[in-house]
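Open the model in your viewer and keep the sequence panel beside it. The tour below goes from one selection to the next and says what is found at each stop.

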Amino acid sequence: GVADTPDQVQGSSWNDFTLVAAQPAGETVLFAVKKSTGQIWESQRPSDGSKTIGMPGTWSTSPLSAPWGSTPPKLIYGDVNAAGQVELWAQNGTTVTPYLLSGTTLKAGAAVNLLTPGHEWPLSSLTGPSASCTATVCTPDTRGGTDAPVTGGVTVDDDEVLGKVADFGGNGYLTLPQNLLHSSTTLTLSMAFRADPGKHGILFSTATATPDKLPAGSMPVLYIGSDGRLYGQFWNGYVRPMISPQRVDDGEWHTITLSGQGSIQSFYLDNDIRIGMAGSDQISNGDALNFVGGGVFPPNTSTKVWINPPVKTDGVTASQPSYFSGDIANVVYYNKYLSNDQLTPYWQPSPMVGPITSAVNAGLCLDDAGGKKADGDAVQIYTCNNSAAQNWSINPDGSVRINGTTKCLAVAGGATTSGAKAILWECGTPLPTGAQLWHLDSSGQIWNPQAQMCLDDPGQSTTSGTQLQIYTCNESKAQYWIIP
């Protein structure tokens, strides 16, 4: 039957095909592409299941003529253009290409880059006033949008890596278009930066007034904290930033991409593994003004406590200014969320290898009990000793493996309830199982999506040999892990 042998000539199963549909003149047309050969067939009446591909009836008796040979592209959907032609769209990284059907022949149309930003400020030049910027000094938006006014100590310098870049002297900032982030719940912000060694400060912020006015309504979206790490989040009702694994106040170039969609936020630093924000509330950007290179931190309150801010926020009554010292280039804004797949051409994550340290006690590390690397071994906290039993790799596929083996950090029995134990188990192939899948999350959490829970040190124990568990995420130190 059709469900078993769509291609009667070659006896294939439906798993060997990619299916896409279009509706010219309101009639559904189904296309089937054989993955191994690139051949594509058309069915004018897919609801009639009496005929198989390659046989007379509802399916074309011969494959359509396609331009891709035996290696088909990744077809993602079909539609009908303004001229009434069927288009089959294929995606390759961040580029999509339409294939137009004319008779029995498919022809490639013009490719479209999915990553075309709404605004782009390279920061490679400073100009005088322009049609979109009345300030004395401005920097152009090369996407034809609003040029950004420059305030204070910002100049353009030559850089051996990126060419012309903006140098921020610790007392200047750029003002991006008003309401750029306001009310946006689907957006992406990206920039390259190089902090002066040991210097900290705000890279990007929103506010209700300029930094010199010290507005209480302010949000430091991206900042280098007092510990030299990068912190980032779009405002969603509470302080819970995603945090870089390593310091970024090292005088080296880094690229940060912060992307959000509804309650989802993603933090991509260089080629580090994505850090997310699980179980968060909806993004609620409320401030009208947007600044690069400066901003303010409002005072801490009982419900809003900044994490390692570069200025004093505890025990003060007024907002505190914070400015970036170093170079910034290529500030880009997209009014869309960018996924891992879309970022692939620019972001190639590699495993993060080394000890995973507890925030409860820096002398305690994630440990394979007994170092046996065997199924069922307890995963515990233990005195850090640089042994193979504490050498973990956090991998792009979501697995956390011990010392380069095929043994993965797992939830015992695939349980999804608080208190389930953490163990080692043979890693699933080709991908880790749900019990072995972990995401790096905000506030240092290691989160299991299947259970919707975090890796946890029971009772914030400091006793070597305490077996770890999963537990409802609560942002306590028991769930804060310093990754390699």
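Is Ala329 buried or exposed? Select Ala329 to begin: its relative accessible area is 1%, and because the cut-off for buried is under 20%, Ala329 counts as buried. Keep in mind throughout that this is a predicted model.

**Stop 1: Ala329**

Colour residues 325-334, which form strand β26, and find Ala329 within that strand. Now add Ala192 to the selection. Ala192 and Ala329 are 137 residues apart in sequence, yet their C-alpha atoms are 5.2 Å apart in space. Next, show what Ala329 touches beyond four places in sequence: Pro122, Leu123, Leu162, Val165, Met191, Ala192 and Trp253.

**Stop 2: the whole chain**

Zoom out until the whole protein chain is in view. The C-alpha atoms fill a box of roughly 80 × 70 × 40 Å along the principal axes. Turn on the cartoon display: the secondary structure comes to one helix and 39 strands. The chain has 484 residues, and 49% of them count as buried. Consider contacts between residues at least 6 apart in sequence: 58% of these join residues at least 24 apart. The pair Ala329 and Ala192, 137 residues apart, was an example of distant positions in sequence brought to 5.2 Å in space.

Switch to a surface display. The accessible surface is about 20000 Å², and carbon and sulfur atoms account for 50% of it. Colour the charged side chains if you like: there are 24 positive and 39 negative ones, and the centres of the two sets lie 3 Å apart.

**Stop 3: Ser266**

Select residues 264-269, which make up strand β21, and pick out Ser266. Ser266 has a relative accessible area of 0%, so Ser266 is buried. Which side chain does the side chain of Ser266 meet in a polar contact? Show Arg274 as sticks: the two side chains make that contact at 2.8 Å. Arg274 also appears among the residues that Ser266 contacts beyond four places in sequence, along with Met242, Thr257, Leu258, Ser259, Ile275 and Tyr337.

**Stop 4: Thr210**

Move to the loop between β16 (201-207) and β17 (218-224), where Thr210 lies. Thr210 is partly exposed, with a relative accessible area of 24%. Its side chain makes a polar contact with the side chain of Asp212, at 2.6 Å. Add Gly295 to the selection: Gly295 is 85 residues from Thr210 along the chain, and their C-alpha atoms are separated by 7.7 Å. Residues that Thr210 touches beyond four places in sequence are Tyr173, Pro215, Leu289 and Phe291.

**Stop 5: Pro67**

Go to the loop between β3 (40-43) and β4 (74-80) and select Pro67. How accessible is Pro67? The relative accessibility is 47%, and Pro67 counts as partly exposed. Measure from Pro67 to Thr105 in the viewer: the C-alpha atoms are 8.6 Å apart, with the two positions 38 residues apart in sequence numbering. Tyr99, Leu106 and Ala108 are in contact with Pro67, leaving aside neighbours within four places in sequence.

**Stop 6: confidence**

Last, colour the chain by pLDDT. The average is 90, and 94% of the residues score at least 70. Then select residues 1-5, where pLDDT stays under 50. For residues 1-5 the model has 10 contacts beyond four places in sequence.

Terms used
Residues numbered from 1 in each chain as written. Heavy atoms only, no water. Helix = DSSP H or I, 4+ residues; strand = E, 2+ residues; numbered from the N terminus. Buried < 20%, exposed > 50% of the residue type's maximum accessible area, 1.4 Å probe, protein only. Contact = heavy atoms within 4.5 Å. Areas by Shrake-Rupley, 256 points an atom, 1.4 Å probe, with all protein chains shown as cover. Lys, Arg positive; Asp, Glu negative; His and termini not counted. Charge placed at Lys NZ, Arg CZ, Asp CG, Glu CD. Polar contact = N/O pair within 3.5 Å; in protein donor to acceptor, adjacent residues only side chain to side chain. pLDDT = per-residue confidence, 0-100.
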